[in-house]
Each structure stands twice: as C-alpha cells, then as structure tokens.
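This report goes through a two-chain model, from single helices and residues to whole chains and their interface. Please keep the sequence and the 3D view at hand.

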Amino acid sequence: MDVSQYLEIFLDETREHLQNLNTEILNLEQDPENEDTVNEIFRAAHSLKGMAGTMGYKRMQTLTHDMENVFSEVRNGTIKIKSHMIDILFQCLDALEEYTTNIQENSDEGTNDNEALIKLLNDCLKPDGAQEETPAPESTAGKPAAAASGGSKWSSIPLDEAQKLVLGEAVKQGKKVYGITVKVQESCILKAARAFLVFKAVEELGEILVSAPSAQDIEDEKFELDFSIIVITDSPLDRVLADIKSVSEIEEAEGAEMTDFGGTEEEAASPSSPAAEKAEKSKEKSVPAKTETAKASGAENAPAAKTGAAKQEKKSNTKAVGNRTVRVDIEKLDVLMNLVSELIIAKNSLVSATTTQEGRESNAAVDSQIEYLENVTTSLHESVMKVRMVPIESVVNKFPRMIRDLSKKLDKKMDLQMTGEETELDRTVVDEIGDPLMHLLRNSADHGLESAEVRAERGKPEVGSIFLNAYQDGNNVIIEVGDDGNGIDVENVKNKAIERGTVTPEQALNMTDKEIIDLLFLPSFSTAKEVTDVSGRGVGLDVVKSKIETLGGEVEVKTQLGEGSTWIIRLPLTLAIIQALMVEVGGEKYAISLNSVTTLENIAPSDVKLVQSEEVIHLRGSVIPLIRLNEVLDIESTRKENENMIVAIVKKGDKLAGLVVDKLMGQQEIVIKSLGKFVDKTRIISGATILGDGEVALILDANVLI
Amino acid sequence: MEELKNNGGAKQFIVIRVGEEQYGIDIKYVDNIIHMCSITRVPKVALYVKGVINVRGEVIPVMDIRTKMGLMEAEYTKNTRIVIVKSEQQGFVGLIVDAVKEVVTLEVDGIEKVSYDNKSGKTMFVTGVGKHQGSLISVLDLNEILTE
C-alpha cells in the first residue's frame with residue numbers, strides 16, 4: 001500500500017500527539033491519580049500505534065504498543081504510577097521523537113530498536129509488592145470516601161465552586177461550618193427514616209449544605225450504615241451532635257469544625273478559569289510538606305476533583321473546536337495577506353482620486369460606496385490578520401518539560417509558572433520567538449537561580465521560581481521572563497567588561513547601571529566562570545537581541561541584586577497594516593502608528609520648561625519630555641519660533657513623550673512596506689508606505705523615540 | 001537580438017554614463033530602468049543614499065552612483081535615469097546615473113582584468129575594462145557598489 005501521500009498528515013498528527021503526551025505526562029507527574037490524564041495518555045498512545053502500524057513503521061508501533069500496555073494496566077488500577085516510571089515515559093517520548101525526525105528526514109524510522117527501553121516498560125508491568133491502599137478518594141464527584149477512617153468521612157465530601165463560595169461567605173458572617181459523620185445502629189431497619197429524623201433535627205439548628213450520599217440517595221436508603229453532612233449553623237458543635245444522637249437508633253455522630261476550604265476564598269473571587277486552576281495547583285505544590293489533618297487533605301482533594309473536572313471540560317472544549325479546524329499551508333496565508341495589502345493600497349488610491357478632483361460635484365453615490373468599501377476592506381484585513389495569529393501556547397508548551405529536565409540536570413529545584421499562553425502573535429513571529437525565549441529561560445535556570453544552600457541562607461523557598469507572562473499592551477505583545485534568583489550583579493559585569501577590554505576603567509565609571517547591563521548583549525559576553533552545555537558560552541544574549549530586533553521588537557531587562565531579574569520582550573502585533581496618524585514635518589510627510597498615540601495637544605512655546613537641559617512640558621499633572629521631530633529628522637521646521645506647537649503625545653508602556661510636528665494631516669490606514677537593507681540602520685524609521693497619490697511616506701517608530 | 005544567454009563567450013551589458021566615463025552593468029542584474037522621479041528623503045542615512053521611491057507599489061531605496069564613487073553631485077537632466085538592479089543580499093536598489101546608452105555584448109575574453117594595488121576612488125568598483133567600437137567600457141562590480 002503506498003502510504004507516502006499520507007506522510008505529511010502522519011507527521012503533523014504524530015507531532016501533535018507527541019506534544020499532547022508531553023503535556024499529559026507532566027500533568028501525570030503532578031497528579032498521578034488523575035483518571036482523565038491517564039485516559040488521555042492511553043488514547044494518544046493508542047492512536048500513535050494505529051498510525052504507525054498503517055504507515056508500516058514497525059518499531060514505532062512496537063514501542064507505542066508496549067506503552068499502551070502499561071497504561072492499560074494503570075487504567076484498570078492494577079499498577080500505579082511511580083516517579084521512575086515517569087522518567088521511563090519521557091524516555092519513550094524522546095525515542096518516538098527520534099523516530100519521527102528520522103521519518104521526516106529519511107522517510108525511514110531508523111534502526112534504533114530501543115530494546116532496553118521496551119524492557120524497562122515491561123518491567124513496570126510486573127506487579128510490585130505490598131500496594132499501598134490509597135487513603136484519598138478517587139477524583140470522581142459524589143463518591144463517598146473509600147477506606148478513610150470512619151470519623152473523618154465528612155472531610156472527603158467533594159465541594160464544588162458554588163458550595164465553597166457559600167461556605168466561605170458563611171464563615172465570614174461569623175457562622176460555623178461543621179462536617180459531621182453520622183452512624184446508624186447495625187440493627188436499625190428503617191435507616192432512611194432515622195436519617196430523615198437526623199436531617200430534621202439538624203435543620204432546626206441550621207442549614208445542611210451538602211450530604212454524602214445525596215439526600216435523594218439517603219431517602220432511597222442507598223447507604224450502608226453511615227452518611228456525612230456539612231452544616232452551616234450558629235450553634236455550638238456539641239449541641240448539634242447531641243441533637244443528632246438524641247434520635248433513636250443512632251449509634252454515633254462525630255464531627256469537627258471546618259474552616260479551611262483549601263484556598264477557596266481567593267479562588268471564589270475569580271471564575272474557575274484555567275489560570276485559577278494553575279495558581280491553586282502551584283499553591284498545593286509549593287506546600288507539600290504541610291502536614292495537616294484530614295481536613296486539609298479533604299479540602300485538597302476537592303480542588304483536585306474540580307481541577308480534574310475543569311481540565312476535562314477544557315479539553316473537551318478544545319476537542320470540540322479541534323474538529324472544526326482546517327490545516328492551511330502557510331504560503332497560502334502569505335499570499336492572502338499580500339492580496340489584502342494590495343487591496344488596501346488600491347482603496348487608498350481610489351479615495352485619493354475621488355477627493356482630489358476639485359470643481360467636480362461630490363458624487364454622493366460614489367462617496368457612500370467608497371465608505372462601504374473602506375468598511376469591508378478593514379473587516380477583511382482584520383479577519384486575515386486573525387487567521388495568521390497563533391497563540392504562543394504552541395511555542396511555550398514545551399517549556400515546562402525543559403525546565404523539568406534542567407531542574408534535574410542542574411540539581412536545583414525549580415518551577416515554571418506561565419500565564420497568558422492564549423496571547424496571540426503573528427505566525428511568523430511565533431516561529432522565531434521560541435529560541436530566544438528558551439535561551440532566556442535557560443539563563444534564569446542556570447545563572448539566575450542560586451543553589452539550594454544560598455537560597456536557604458537568603459530565606460527564599462527551596463524551589464526556585466521562574467515565570468513567563470505574556471499579555472497584550474496596545475499594539476504590542478509583551479512577554480516577560482524572569483526568576484526570583486540572584487539578579488544581575490552589575491559590579492560583576494563591569495569587572496568582566498574591564499577585564500576583557502570591552503571598556504576602559506574610566507569609561508566604566510561613567511556608565512549607568514543600564515548601560516553596563518546592556519554590555520551583556522554583546523557577542524561573546526559571559527560572566528560565567530565555566531562553560532557548561534547549558535550556557536556560559538556567551539553566544540546567547542546577542543542572538544536573542546538581534547532575533548527580537550529582526551522581528552521588529554525590543555528587549556530590556558529589569559533586575560534587582562539578590563531578588564531576581566525580569567527580561568521584557570516587546571513585539572509588534574500586526575506586521576503589515578496599521579492605522580496611522582499622518583503628520584508633516586518640514587514639508588515631508590510621516591506616519592506614526594496610531595496605537596502609540598494617546599492625545600494631540602496644542603502647546604504654547606512658553607509652556608516649555610527645561611529640566612536637566614531637556615525640554616519638557618507639564619501636562620495634566622505629568623512632566624512629559626519633548627522631542628522635536630524636525631531635529632530628529634534633520635530638517636527645518638516650517639513653523640516659526642513663537643507659534644504654537646502641535647504635539648502628539650505618545651506612549652510606550654508607562655512612559656510618555658511629546659513629539660513636536662508641524663502639521664497634522666489626518667488618520668489613515670496604511671500598508672507597511674519594508675525599506676530594504678540600505679536604510680535599515682535608522683531605527684526611528686521602521687518602514688515606508690505608499691500614499692494614495694503615489695508618494696512615499698516614511699513611518700516613524702514612536703517606541704524608539706521614547 | 002543576439003544570443004541572450006551567456007554562451008561562455010559573451011555577456012550583455014547595459015552601458016551607463018557617469019560623469020565622463022562609461023560603465024557596463026551585467027544585464028542579468030538589471031530589472032528596470034525608469035525616468036527620474038520624486039525621491040522621498042530618508043533621514044540619517046549614508047550620503048550616497050538619496051532616499052526611496054515607489055516603483056509599481058514597492059518601496060525601493062535609491063543611491064547616487066556619483067556620490068558613491070566620490071564624484072561631485074550633478075544636476076539631474078532629462079537624460080538622468082534610475083537603473084533598478086537586484087542583488088541577492090540587498091534586494092532591489094535603484095542607481096541614479098547620468099544617462100543610459102545602450103545594450104552591448106562584450107566577449108568575456110576581451111575584458112581585461114584591472115589590477116588595483118591601491119583601491120581608491122573609482123577603481124574599486126570596477127572588475128575589468130572592455131572595448132566596444134573604439135571606446136572603453138568599465139565593467140561595474142555591482143556587489144562593491146551595493147555594499148556599505
């Protein structure tokens with residue numbers, strides 16, 4: 001059977017499955033009991049096996065078959081996941097990736113049989129001795145606690161968001177929340193009736209929020225000898241217990257006050273979004289050593305159940321959406337993008353042609369059609385841009401695994417927190433941004449985070465934390481990568497620079513901290529004492545900087561010695577078409593991206609003050625530096641000294657500046673054309689555009705000016 | 001038209017006049033020749049980069065060959081043209097020349113290699129000198145011209 005035509009699809013889908021497996025195995029490591037994760041992994045392995053078999057890749061098929069076996073047993077509960085198994089699984093993934101790469105390059109999976117790995121997998125299948133009875137309940141809602149000690153059964157009642165909210169509120173109002181387990185006498189015949197009486201008794205004193213089994217089940221007598229309830233009341237516990245025991249044929253009633261709902265208060269504030277999930281999960285992770293009573297474990301399991309349920313939701317959501325996607329060749333998207341750009345230029349020319357015809361009566365029909373055309377082209381442009389936008393998730397989802405591996409390699413405990421993976425970037429940018437981000441993360445792991453002893457000395461938690469945040473800010477996407485480690489030692493950098501002869505000692509004295517830190521971006525610069533294969537070669541940061549600048553962005557770093565560092569990467573969102581403010585300076589036309597512009601002001605020359613020999617203006621309470629564009633652009637202003645100045649206030653992040661122009665020409669949608677290599681050096685000019693009349697106008701990058 | 005491809009023996013060149021001399025540009029690099037048009041100035045660039053122009057919807061940087069070669073700038077006349085060339089590294093670039101004369105075919109063997117022990121002035125942009133109908137045509141080294 002000729003399967004070569006399916007090769008593309010096979011590779012794409014295999015990659016997807018492998019990525020999925022990566023994520024899921026990481027999840028499994030954190031939460032070995034999660035049924036959903038296990039199922040997901042089993043399904044992925046099964047699909048991979050099927051695909052490999054169809055394509056005739058026997059070795060891949062064998063390996064995935066063995067993986068599937070292991071997971072089948074896990075699903076049945078015959079074997080449990082141990083940490084060394086996770087390592088084996090990751091090795092299997094690496095082997096599968098190797099097969100895939102081989103297939104991609106040589107259309108053949110290679111000759112590595114991975115026998116050792118298969119043997120390890122099969123070893124896992126053998127039952128190992130005395131399995132520990134899992135005291136914690138399974139993460140399925142509504143199931144009563146399995147082998148928990150009888151008294152604390154109420155603590156294992158799973159609570160959902162709404163219920164926790166109610167409990168939290170009750171506690172705030174000064175009410176008490178009790179978890180009570182009631183045991184009925186063995187000789188009791190009408191258990192349901194007795195349970196009903198208990199309920200009545202308790203309801204005299206307060207409110208029963210939830211019971212396990214459910215009230216309906218209790219009425220139908222679907223319980224053995226005991227049931228548990230969670231009560232909100234003002235009365236003291238003893239009173240409630242006494243009232244319960246006063247009902248005939250009740251053997252025992254036991255309970256305790258509940259105050260800890262596992263960090264629900266903060267969560268209750270925000271809807272159960274994946275972000276909240278992760279934040280809460282990390283809280284649990286970073287407090288592993290806390291030995292609390294069964295109360296805590298009960299509360300913990302409830303969030304775990306919720307995490308499982310919500311994750312399943314999230315996954316089923318993506319599954320549903322996944323069925324409605326189409327794979328599109330990137331080139332086709334590029335062609336589409338170009339055509340839309342041309343359309344916009346043509347539209348601009350049309351607008352210009354109709355408006356510059358003086359002496360003609362304005363043709364109302366033409367005008368309204370042109371307006372309509374403008375609307376449609378703008379919508380078309382936006383849609384095409386959206387098509388090209390891809391969430392950075394696809395790039396950053398391999399980072400947790402990388403950090404895990406680094407953590408083992410460097411023997412430092414570290415943890416990666418990511419937010420904003422759904423932030424979208426243009427496809428071409430996403431492809432390029434992966435490497436720089438990886439490098440920054442490795443830097444943080446290797447150089448930033450201190451060893452466990454130093455961290456202990458400084459009173460920092462043993463697990464170093466590395467974070468990656470992505471969010472949109474105006475026309476840019478900001479990605480922050482940072483750590484809570486040592487920060488950048490400016491003195492160290494300074495000395496290294498002097499040592500290498502990059503600067504003289506005199507120059508070094510006059511440099512600001514920022515300038516010294518900028519030295520790090522020079523090629524071959526490294527303060528590492530020795531080169532490891534993780535970093536230290538000094539080849540990374542300058543590549544990071546140049547790659548980001550090629551994408552039209554910038555990178556800077558904020559650091560505090562002893563506290564940590566944060567690298568901030570700023571990337572432009574839309575690459576080709578923007579709304580621009582057209583201005584005139586010295587008779588020449590320029591365009592400024594409207595996203596950078598906040599307000600336009602008319603400033604009298606007398607309002608301009610001097611601060612440290614820089615011109616500034618005082619505007620609505622803030623002091624804003626003034627930048628005379630005619631000076632920046634080496635041209636004479638057409639305005640006289642004593643005339644009022646037109647100033648465009650632009651902003652970058654939280655910094656403001658005022659750009660002085662001669663005239664305002666209006667607002668226009670423009671297509672950005674790149675300028676070619678010759679004129680790349682001028683950072684202030686980020687591109688050019690062709691105006692409706694065929695003239696070329698240069699585009700000013702406000703970000704560089706601020 | 002004679003042979004359009006290099007059959008190892010001859011190459012075709014576009015002959016341009018810069019000042020008093022004639023230069024030949026290998027035709028395979030030439031994309032277009034247009035009349036002088038309005039050039040949009042770009043601030044803060046090298047002196048010989050005059051700015052950018054709009055050619056069929058593309059923005060192309062334009063360089064004055066006279067300035068690049070170290071000659072005095074001249075007034076643009078009705079003969080002044082912009083020769084648009086394409087190189088792999090630089091993409092499209094426009095070269096302002098005083099005039100464009102014709103297309104000639106030069107025998108490759110007939111082009112004398114210029115040896116320059118002191119690369120100064122105009123000689124560094126020339127790879128050789130060819131003869132055509134009694135006059136000399138210096139073969140322009142496009143890569144040199146287009147490098148900073």
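On the face of α16(A) turned away from its buried side sit the exposed residues D405(A) and K408(A). A residue is exposed if 12 or fewer other C-beta atoms lie within 10 Å of its own, buried if there are 20 or more, and partly exposed in between, with C-beta atoms placed from the backbone. Helices (H or I, at least four residues) and strands (E, at least two) are DSSP runs, numbered from the N terminus.

This is a predicted model, in which local features need pLDDT of at least 70 and side-chain atom pairs count only at pLDDT 80 or more, while totals for chains, interfaces and linings use all residues. Residues are numbered from 1 along each chain as its sequence is written, and chains are lettered from A and ligands numbered from 1 in the order in which they are written.

**Helix α16 of chain A**

The buried residues of α16(A) are F399(A), I403(A) and L406(A). Seen down the helix axis, they fall within an arc of 60°, so they line one face of α16(A); the arc is that of the directions from the helix axis to the C-beta atoms. Their cover includes α15 (393-396), β6 (414-419), α17 (427-448) and β8 (464-473) of chain A. The helix has 12 residues (399-410), which should span 16 Å at 1.5 Å a residue, and its end C-alpha atoms are 16 Å apart, in agreement. The expected span is 1.5 Å times one less than the number of residues. Just after α16(A), D411(A) takes a positive phi of about 60°.

**Helix α4 of chain A and its partner α5**

For the 24 residues of α4(A), the expected span at 1.5 Å a residue is 34 Å, and the end C-alpha atoms are 35 Å apart, which agrees. Buried residues in α4(A) are M85(A), L89(A), C92(A), A95(A), L96(A), Y99(A), T100(A) and I103(A). Among the elements that cover them are α1 (7-30), α3 (58-76) and α5 of chain A.

Helix α4 (residues 83-106) packs against helix α5 (residues 115-125) of chain A at an angle of about 145°, with the axes 10 Å apart. Axes are lines fitted to C-alpha atoms, for helices over the stretch in contact, and angles run from 0 to 180 degrees between N-to-C directions. The crossing of α4(A) and α5(A) is left-handed, a term used if the near helix is turned anticlockwise from the far one by less than a right angle. From α4(A), M85(A), I88(A), Q91(A), C92(A) and A95(A) meet L117(A), L120(A), L121(A) and C124(A) of α5(A). Residues are in contact if their C-beta atoms, placed from the backbone, lie within 7 Å. The residues of this contact divide into eight nonpolar, one polar and no charged. Here Ala, Val, Leu, Ile, Met, Phe, Trp, Tyr, Cys and Pro count as nonpolar, Asp, Glu, Lys and Arg as charged, and the others, Gly among them, as polar. After the end of α4(A), S107(A) has a positive phi of about 55°.

**Single residues**

S613(A) has a positive phi although it is not a glycine, and R620(A) likewise has a positive value in a residue other than glycine.

| Residue | Phi | Loop | C-beta atoms within 10 Å |
|---|---|---|---|
| S613(A) | about 55° | between β15 (608-611) and β16 (614-619) of chain A | 5, exposed |
| R620(A) | near 45° | between β16 and β17 (622-628) of chain A | 8, exposed |

D217(A) belongs to helix α8 (residues 215-219) of chain A. With 17 other C-beta atoms within 10 Å, D217(A) is partly exposed. Not counting residues up to four places away in sequence, D217(A) touches K222(A) and F223(A). D217(A) and A192(A) are 25 residues apart in sequence and 9.2 Å apart in space, C-alpha to C-alpha.

**Chains and interface**

Chain A has 24 helices and 22 strands, and 31% of its 706 residues are buried. Of the contacts in chain A with a separation of 6 or more, 69% are between residues 24 or more positions apart.

Chain B has two helices and 11 strands, in the order β-β-β-β-β-α-β-β-β-β-β-β-α from the N terminus on. Of the 148 residues in chain B, 34% are buried. Among contacts in chain B between residues at least 6 apart in sequence, 54% join residues at least 24 apart.

Between the chains, 20 residues of chain A are in contact with 19 residues of chain B. On the chain A side, the elements that give two or more residues are α13 (330-355), β21 (685-690) and β22 (696-700). Of these, β21(A) gives the most, with three residues. The chain A side divides into 10 nonpolar, three polar and seven charged residues.

Key
Contact = placed C-beta atoms within 7 Å.
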